[in-house]
Amino acid sequence: MRTLDTDVLILGAGGAGLFAALHAQRAAPELSITVAVKGLLGKCGCTRMVQGGYNVALAPGDSIERHFMDTIEGGKWLPDQDLAWTLVTRAIERIHELENELGCFFDRNPDGTIHQKAFAGQTFDRTVHKGDLTGIEIMNRLAEQVWARGIGRLEEHRAVELVKTSAGDAIAGALLIDMRSGEYAMVRAKAVLLATGGGPTMYRYHTPSGDKSCDGLALALRAGLALRDMEMVQFHPTGLLAGTQTRMTGTVLEEGLRGAGGYLLNGAKERFMPRYDPKAERATRDFVSRAMFSEMRAGRTTPHGGLYIAMAHLGPENVRRQFKGMVERCADCGFDLAGGLVEVVPTAHYMMGGVEFAVDCSTSLPGLFVAGEDSGGVHGANRLGGNGVANSTVYGGIAGDAIAAWIRSEGELRDPDSATIEAAREWCERPMRRKASTHGSLEPLREKLYATMWEKVGIIRDAAGLDAAIAELHAIDRELDSQALADSSRTFNLSWHDWMNLKNLVATSRVIAEAALARKDSRGAHFREDFPQTGPLEASAFTSARLAGDALEISMKPVAFTRVRPGESLLQEAA
Ligand SMILES: Cc1cc2nc3c(=O)[nH]c(=O)nc-3n(C[C@H](O)[C@H](O)[C@H](O)COP(=O)(O)OP(=O)(O)OC[C@H]3O[C@@H](n4cnc5c(N)ncnc54)[C@H](O)[C@@H]3O)c2cc1C
């Protein structure tokens, strides 16, 4: 096993991880900073995939109060209000930083101001973008800066365990596997940032990048941290449905299509959204996904079992100009987005849930910080389109600043607990040690996981389905434990890594299902057919899950309305 020391260890190289690295370096240039990432720096994760854009209150007529109220109301009063307030206020400085310090080029109005487009669920057009390929612009500029500044990189290194001190009173570092060689590496660090980006890839249809398997959430759970709002999984209404033979199925067709006036049609080519919601296609993602799922359950589907999106009524030329990337993506799969119909299906997109954290990104474990999609509490029951990349970049920057300050006052290299390292290595080695006679493909287990989560822990849930899902998840986990690998080589053994991916996905799925069972109401992304009412907003509570031995403990904690109470508004005209 290799051992390395660094001052700051950042796990993940998306918007959160890279912003943290740059801010930590700017705040404390004397620190050694290392970014460890499962893929290649700048080339993996979901920030790169951001299409639609970045929410920020810039234009005259908009305000941080309006952005805040949209976030709270969209999140169905479950967001932590201080976290949401920090998001909307700091997004302004972050977008200027992206533009003026990092060199991002966003689309402009004829008068030179930044163009901001409509995104569903918001009362103002505030989404900053670069065509429909905003994430590539942001990640390229971030990666250039990280490369240029001598920040340490451990590429194709996956984190497999957070390692505390023997006393368990602080983080000591993380155990990684160098995926290229299969060698273990123990990295000691004064502070660790968890920024592996969540990602609900346990559902049959999903949008996130293939490197994401909820590793950070599983690591945090095993380290004894509490995860909140885990039942809140966002389905994006318009995942491309192009058959089972292509990995393009499930990839997202951006929200701006509905924002711009696109229609959703059922298999009979009838527009159905006005029957479900007065805002029709511009309703928030949760409403639209549920309406689509209901339409699909009723059998009014397209040839591949989904629904259609139609844009042609907005003028094919206009659609081609506004949504170039989307039109080309659809054309690659044989669909004419500008002039015809494209088959779509709701697709698992984002986890509102994650590690409980404070406004400065600290967690309950001293020295461990969290930012981006691994964190929970900013969005509550539903995330507004455009608030995801704002969240990862705003809080990534805050984490970098906070880590630098923390290291200056309390940072020291601590000895990692050797028993934890040994236990983690034993866990990783399990499939390697099985006898060859027990080996088989992991695909049937992945299919089982997809089916369980899509059918029983997906868009519409009930107690019977959730109970059955929890039992099925235990069974899948047991089957994984008895699985051996066909190839026991350590060099870039993707089956081995896939085994770990599936273990982490099952562990996280279990938390989603248990939290969904514990929440006996319906709110935002979480809909219980047996408890369809939201209940009084004044009594809002969020789920908090923690591992106690092998058991998961779920408690309900009250939401603190620190800035505005249900029924009130921060907007002048509403007051
Ligand atoms: C298709 C798509 C479109 C989207 N469009 C928008 C949009 O228009 N607007 C918006 O606001 N949001 C959008 N989002 C959401 C947005 O991308 C995310 O909220 C945000 O980018 C997450 O940033 P992050 O830094 O937390 O994670 P990511 O950017 O996903 O980065 C996670 C990093 O962690 C690494 N990693 C994972 N596991 C490990 C491990 N075990 N060890 C080491 N490294 C690890 C990954 O390789 C990756 O580098 C979109 C998401 C998708 C999937």
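**Entry 1: Gln116**

I began with Gln116, which I found to be buried, its relative accessible area being 12%. I call Gln116 buried because 12% falls under the 20% relative accessible area that sets the limit for that word. I kept in mind from the start that I am reading a predicted model. Gln116 belongs to strand β4, and I next looked up what its side chain reaches. I found the side chain of Gln116 at 2.8 Å from the backbone oxygen of Val56, and a polar atom of that side chain at 3.5 Å from the backbone nitrogen of Ala59.

**Entry 2: the sheet that holds β4**

Which strands form the open sheet with β4, and in what order? I read the order as β3-β5-β4, three strands with antiparallel pairing. β3 (54-55) and β4 (116-117) are at the edges with a single partner strand each, so each of them has one side without a neighbour in the sheet. I then followed the pairing of β3 with strand β5 (residues 127-128), which is antiparallel and runs over two bridges. Across this pairing I noted Asn55 opposite Thr127 in β5.

**Entry 3: β14 and its partners**

I turned to β14 and asked how many of its residues are buried. I found that 10 of its 11 residues are buried, so that I noted the strand as mostly covered by the limit of under 20% relative accessible area. Strand β11 (residues 233-240) pairs with β14 in the antiparallel sense, over six bridges, and within this pairing Gln234 has Tyr350 of β14 as its bridge partner. Strand β13 (residues 307-310) also runs antiparallel to β14 and is joined to it by four bridges; here I saw Leu307 opposite Val344 in β14.

**Entry 4: Arg285 and Gln234**

Having met Gln234 in the pairing with β14, I looked for a side-chain contact of this residue. I found a polar contact of 2.7 Å between the side chains of Gln234 and Arg285. Arg285 lies in helix α8 (residues 285-297), and I noted that Arg285 is buried, with a relative accessible area of 5%.

**Entry 5: the ligand**

Which residues come nearest to the ligand? Of the 40 residues around it, I noted Cys46, Thr47, Asp211, Lys212 and Asp215 as the nearest. I then went through contacts made by backbone atoms: a backbone N or O atom of Lys38 is 3.2 Å from a nitrogen atom of the ligand, a backbone N or O atom of Gly388 is 2.9 Å from an oxygen atom of the ligand, and a polar backbone atom of Val389 is 2.8 Å from an oxygen atom of the ligand. The ligand taken alone would expose 1,000 Å², and I read that the protein buries 98% of this area. The elements that contribute two or more residues to the shell are α1 (15-27), β2 (33-37), β7 (157-164), β14 (341-351) and α11 (387-410), and the largest share, four residues, is that of α11. Sorted by class, I read the shell as 19 polar, 14 nonpolar and seven charged residues.

**Entry 6: the nonpolar cores**

I recalled that nonpolar side chains tend to be buried together in soluble globular proteins, and I looked up the cores here. The largest nonpolar core has 159 residues, and Leu11, Tyr54 and Tyr395 have the most contacts inside it. Helix α15 (residues 494-518) gives the most to this core, 12 residues. I also found a second, separate core of 18 residues, with Met69, Met352, Phe542 and Leu571 among them.

**Entry 7: two positive phi angles**

I looked at two residues that are not glycine and yet have a positive phi, Cys361 at about 75 degrees and Phe492 near 40 degrees. Is Cys361 buried or exposed? Cys361 is buried, with a relative accessible area of 0%, and its place is the loop between β15 (354-356) and β16 (368-370). Phe492, by contrast, is partly exposed, with a relative accessible area of 36%, and I found it in the loop between α14 (463-481) and α15.

**Entry 8: Arg320**

Last, I looked up Arg320 in helix α9 (residues 316-322) and noted that Arg320 is partly exposed, with a relative accessible area of 36%. The C-alpha atoms of Arg320 and Ser569 are separated by 39 Å, while the two residues are 249 residues apart along the chain.

Notes:
Residues numbered from 1 in each chain as written. Predicted model: local features only at pLDDT ≥ 70, side-chain atom pairs only at ≥ 80, totals over all residues. Heavy atoms only, no water. Near = heavy atom within 4 Å. Polar contact = N/O pair within 3.5 Å; in protein donor to acceptor, adjacent residues only side chain to side chain. Areas by Shrake-Rupley, 256 points an atom, 1.4 Å probe, with all protein chains shown as cover. Nonpolar A, V, L, I, M, F, W, Y, C, P; charged D, E, K, R; others polar. Pairing = 2+ DSSP bridges. Core = buried A, V, L, I, M, F, W, Y, C linked by side-chain atoms within 4.5 Å. Buried < 20%, exposed > 50% of the residue type's maximum accessible area, 1.4 Å probe, protein only.
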